[in-house]
Amino acid sequence: MTEITNIALDAMGGDNAPAEMVKGAVDAAEKEPAMKVFLIGQEEVIRRELTKYQFNQAQIEVVHASEVIETAEPPVNAIRRKKDSSIVVGMKMVKAGKADAFVSAGSSGAILVGGQTLVGRIKGVERPPLASLIPTEKGVSLLLDCGANVDARASHLVQFARMGSIYMEHVLGVQNPKVGIVNIGAEEEKGNALVKETFPLLKELKDIHFTGSVEAREIPHGQADVVVCEAFSGNIILKLYEGVGAVLISKVKEGLMSTLRSKIGALLIKPALKQTLKAFDASEYGGAPLLGLNGLVVKTHGSAKAKEVSNTLIQCVTFKRQKINEKIRECIQTDAVSAE
């Protein structure tokens with residue numbers, strides 16, 4: 001019998017909550033029968049949305065949470081004061097083992113703080129990174145950290161590399177994933193103090209395939225499967241990536257609609273173009289997991305719609321089936337024993 005993955009979904013978080021959260025949950029449950037989604041939030045509002053759909057009642061359950069943490073609220077204070085918020089209630093379900101994962105499009109700060117203080121880190125993990133999949137010429141790469149730790153040490157980046165390798169191999173099926181550290185040049189002697197300190201440490205690791213520095217312009221070409229950096233650089237890379245992608249798609253569409261001839265050409269190439277542009281759609285890749293916690297916590301875009309929510313929920317099922325947390329725990333603890 002297939003094991004059920006229980007997922008707590010913050011139905012109140014994000015720009016399009018609760019409508020798109022509820023629709024995403026219904027869509028995911030229809031695609032993945034071995035899943036149960038707990039919709040966390042204001043019960044009356046959620047149930048009103050659910051009346052729009054037909055779904056397997058055994059796969060979706062509403063859990064009432066009276067409060068909502070707003071994006072502008074100070075994260076630490078919000079987590080402490082709003083005990084009955086959808087984020088706190090959902091994370092406590094993960095902590096108590098009632099849910100295998102928590103997914104939210106809500107306040108990034110509250111999710112990062114709550115992940116570490118409520119769910120807790122795996123013993124030995126120094127800093128959990130946010131890991132986001134980004135499209136490349138060869139498929140996708142994993143960028144981490146892309147938002148959790150703007151000030152990181154070399155030892156943190158080493159752990160990011162190891163956790164990222166585990167994720168790419170077991171969730172994405174990339175054998176012996178190539179790991180690169182973000183740098184301003186290919187030469188080993190280049191970079192800031194953090195990169196120069198981290199580079200030789202990554203070279204020494206036997207359990208990852210470290211290929212050296214990766215310049216920002218090479219990331220879209222897929223030079224590395226796992227792209228490692230601190231969150232300041234990572235977030236800039238991610239946001240620039242998303243912005244340029246959106247502008248290019250817009251300009252391509254604008255160009256195709258500019259003349260009668262281009263409109264005729266657009267009809268001929270529409271199927272191929274649609275498939276190509278799909279690769280640059282962020283919603284295709286689900287959310288960004290906060291790796292290294294005792295349970296799975298995933299942050300989706302604040303503007304996430306049903307498609308991204310659905311893909312993120314299904315992503316959580318793969319995470320559990322591949323026992324990613326167990327593999328990270330084993331990797332980190334083995335390293336700790338070796339250090340002794």
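In the predicted model, Ile 69 counts as buried because its relative accessibility is 7%, where buried denotes under 20% relative accessible area, exposed over 50% and partly exposed the range in between (1.4 Å probe, protein chains only). Ile 69 is placed in the loop between β3 (60-64) and α3 (75-81), helices (H or I, at least four residues) and strands (E, at least two) being DSSP runs numbered from the N terminus. Neighbours within four places in sequence aside, the contacts (heavy atoms within 4.5 Å) of Ile 69 are Ala 78, Ile 79, Lys 82, Ser 85, Ile 87, Val 88, Ser 107 and Ala 110. The C-alpha atoms of Ile 69 and Ser 107 lie 7.0 Å apart, although 38 residues separate the two in sequence.

Residues are numbered from 1 along each chain as its sequence is written. Local features need pLDDT of at least 70 and side-chain atom pairs pLDDT 80 or more, whereas totals for chains, interfaces and linings use all residues, and side-chain values rest on heavy atoms, with hydrogens and water left out.

The largest nonpolar core (a set of buried Ala, Val, Leu, Ile, Met, Phe, Trp, Tyr and Cys residues joined through side-chain atoms within 4.5 Å) comprises 65 residues, of which Leu 9, Leu 39, Leu 50 and Leu 313 touch the most other members. Helix α6 (residues 154-170) supplies the largest share of this core, nine residues. Another core, of 38 residues, lies apart from it and includes Ala 65, Val 88, Met 91 and Val 214.

Asn 325, within helix α11 (residues 324-339), also counts as buried, because its relative accessibility is 11%.
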